[in-house]
Each structure stands twice: as C-alpha cells, then as structure tokens.
Amino acid sequence: MQAPIRIKGLSKQFKPQRVLKNLDWEIEAGSIVGLLGRNGAGKSTLIECLLGLRDVEPESEVYLFGEDVRHMSDETKAKIAYVPQNSDLFEWLTPRQMLNYFKALYPRWNDAKVDALMQRWNLPYDKVISQFSGGQKQRLSIIRALAYEPELLILDEPVASLDPAGRRDFLREIVDSVIDKNTTIVFSTHILSDLERVAMTVAFLANGRI
C-alpha cells in the first residue's frame, strides 16, 4: 500500500534560522502518529510544508499518496483533512450554514456522521459560531474535517484549549470511537500525556530533524 506521507531531505529556513534540516520521514497507512516537540521546535512549520502550504527548498521531496505536494491532484487533496491550531471556521455563520457550504465542495460527505458528532458533543446547529467556546470551535473543526471521510487526518495541537486530562480523553475518544480504522492520523503536541493510549508511534522533532 502507498505510504500516505513520504518526505526526503526537507529543509526550511526563516533567515537566519534553519527550522527544518534535511529531514526524512515516512508514515505507513493506518498509523496513528504523535508528532512531539517543544514549543517552537517547528511542528507547525513541518505540517504546513507537508501540506504544501509553505514553500520548501527546491531539493526537498514531499509526497502525499505518491504525489508531489507542489502538484497535487484534486482527487488526492480530497483524501486529506487538516485541523489547524487556531480555528479557521467561518465564524459569522452557523454550523448548519458552514457545513452546507463545505458539503458542496467535496465528492464524499457523510451527513449521518456529522449529525451523530454534533449530538455527541452537544453542539447546536443554529447558533452563530463566533458565540462558541474555544473547545466547541475545536470540536466543530474536527467534525468538518471528518465529514468527508479523509484517508489522512492531520491535527495541529488539536485540543489546546482543554486541560491535560481532558486533552487525553478527547484524543482517545477521537481515535477509538470517531475515526475510521483505516485512516492515517498525525497529531502534533508538546504535551507527553496527550500520547498516552492514543499514539501507535511517536515522532520527536528536535534540531530540525525527526
């Protein structure tokens, strides 16, 4: 089976600092990987380079599902979901309006999963998103990401607004109960307890390398 993520020789520099240094990393399909590193280690930068959201040095090789991230097909993009550290929701809309907007953009959309998760996490469909708490917004971001049944889910500090016990329990709930078992998951964190009973593999980012 094709590795969902394959990186070779990834380098990224914000002058004068080189954040990523000739980094190699490969992740097998179906893995649950915790990307661990201190604050400022470059976890978000690595994720953004991995997704093609930041330019990388020309010799860097970054492939998702066998395609260069600089030239990904729409079909491959539709397999990938990303939940950033800070909410990027359309906060002037209600969840119903926002989810209907995104539903029109994706070839696959699981209404039953959306309804089940909205009920499970007690999120109202018709309240303006700007009135949600930080934790509610993070949950809604995850629902939006899971609605089109991605094969690769990338979470950047996905539960930053919860306390450590709540973080671990919520991550475990996502992994155990919410996500399809064949989904590859990468989640970044700087808190060791997030990894307990959740991650199958831990990748430690230090000095620009895995």
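## Close-up views of a predicted model

**View 1. Surroundings of T183 in the predicted model.** Beyond its neighbours within four places in sequence, T183 is in contact with G30, S31, P150, E151, L152 and L153. T183 sits in the loop between helix 6 (164-178) and strand 8 (184-189). What is the relative accessible area of T183? The value is 5%, so T183 is buried.

**View 2. The parallel sheet.** Five strands make up this open sheet, in the order 6-7-8-3-9. Their pairing is parallel. Which strands stand at the edges? They are strand 6 (80-83) and strand 9 (201-204). Each has a single partner strand, so one side of each is left without a neighbour in the sheet. From one strand to the next, the twist averages 15 degrees.

**View 3. Strand 3 beside strand 8.** Strand 3 (residues 32-36) and strand 8 run parallel. Five bridges join them. In this pairing, L35 stands opposite S188 of strand 8. Pairing of this kind has a common basis: strands of a sheet pair through backbone hydrogen bonds, either parallel or antiparallel.

**View 4. T189 in strand 8.** T189 has its place in strand 8. Is T189 buried or exposed? Its relative accessible area is 0%, so T189 is buried. Leaving out neighbours within four places in sequence, T189 has contacts with L35, L36, G37, K43, E157, R167, D194 and L195. One of these partners, G37, is 152 residues from T189 in sequence. In space, the two are 6.8 Å apart, C-alpha to C-alpha.

**View 5. Helices on the parallel sheet.** Helix 1 (residues 43-50) lies across strand 3, strand 6, strand 7 (152-156) and strand 8. Helix 1 runs at about 150 degrees to strand 7. Helix 5 also packs on the sheet, where it touches strand 6 and strand 7. The direction of helix 5 makes about 175 degrees with that of strand 6.

**View 6. The antiparallel sheet.** Four strands form an open sheet in the order 2-1-4-5, with antiparallel pairing. Strand 2 (17-27) and strand 5 (67-68) stand at the edges. Why is one side of each left without a neighbour in the sheet? Because each edge strand has a single partner strand. Helix 1 packs on this sheet too, touching strand 1 (5-14), strand 2 and strand 4. The directions of helix 1 and strand 1 make an angle of about 120 degrees.

**View 7. Two antiparallel pairings.** Strand 1 and strand 2 form a hairpin. Two residues lie between them. How many bridges join strand 1 to strand 2? Seven do, and the two strands run antiparallel. Q13 stands opposite R18 in strand 2. Strand 4 (residues 61-64) pairs with strand 5 over two bridges, again in the antiparallel sense. Here L64 stands opposite E67 of strand 5.

**View 8. Burial of helix 1.** How many of the eight residues of helix 1 are buried? Seven are, so helix 1 is largely enclosed by the rest of the structure. The buried residues are K43, T45, L46, I47, E48, C49 and L50. Charged K43 and E48 are thus listed alongside nonpolar L46, I47, C49 and L50. K43 also appears among the contacts of T189. Just after helix 1, G52 takes a positive phi of about 80 degrees.

**View 9. Helix 4 against helix 5.** Helix 4 (residues 111-120) and helix 5 (residues 134-147) have axes that come within 9 Å. The axes cross at roughly 165 degrees. Angles over 145 degrees count as roughly antiparallel, and helix 4 and helix 5 are therefore roughly antiparallel to each other. Their crossing is right-handed. Helix 4 contributes K113, V114, L117 and M118 to the contact. Helix 5 contributes L140, I143, L146 and A147. What kinds of residue make up the contact of helix 4 with helix 5? Seven are nonpolar, none is polar and one is charged. The charged one is K113 of helix 4.

**View 10. I174 in helix 6.** I174 has its place in helix 6. With a relative accessible area of 2%, I174 is buried. I174 and I142 are 32 residues apart in sequence. C-alpha to C-alpha, they are 9.1 Å apart in space.

How values were computed
Residues are numbered from 1 along each chain as its sequence is written. This is a predicted model: local features need pLDDT of at least 70, side-chain atom pairs count only at pLDDT 80 or more; totals for chains, interfaces and linings use all residues. Side-chain values use heavy atoms; hydrogens and water are left out. Axes are lines fitted to C-alpha atoms, for helices over the stretch in contact, and angles run from 0 to 180 degrees between N-to-C directions. Angles under 35 degrees count as roughly parallel, over 145 as roughly antiparallel, 65 to 115 as roughly perpendicular and the rest as oblique. A crossing is left-handed if the near helix is turned anticlockwise from the far one by less than a right angle, and right-handed if clockwise. Contact means heavy atoms within 4.5 Å. Buried means under 20% relative accessible area, exposed over 50%, partly exposed in between (1.4 Å probe, protein chains only). Two strands pair if DSSP finds at least two bridges between them.
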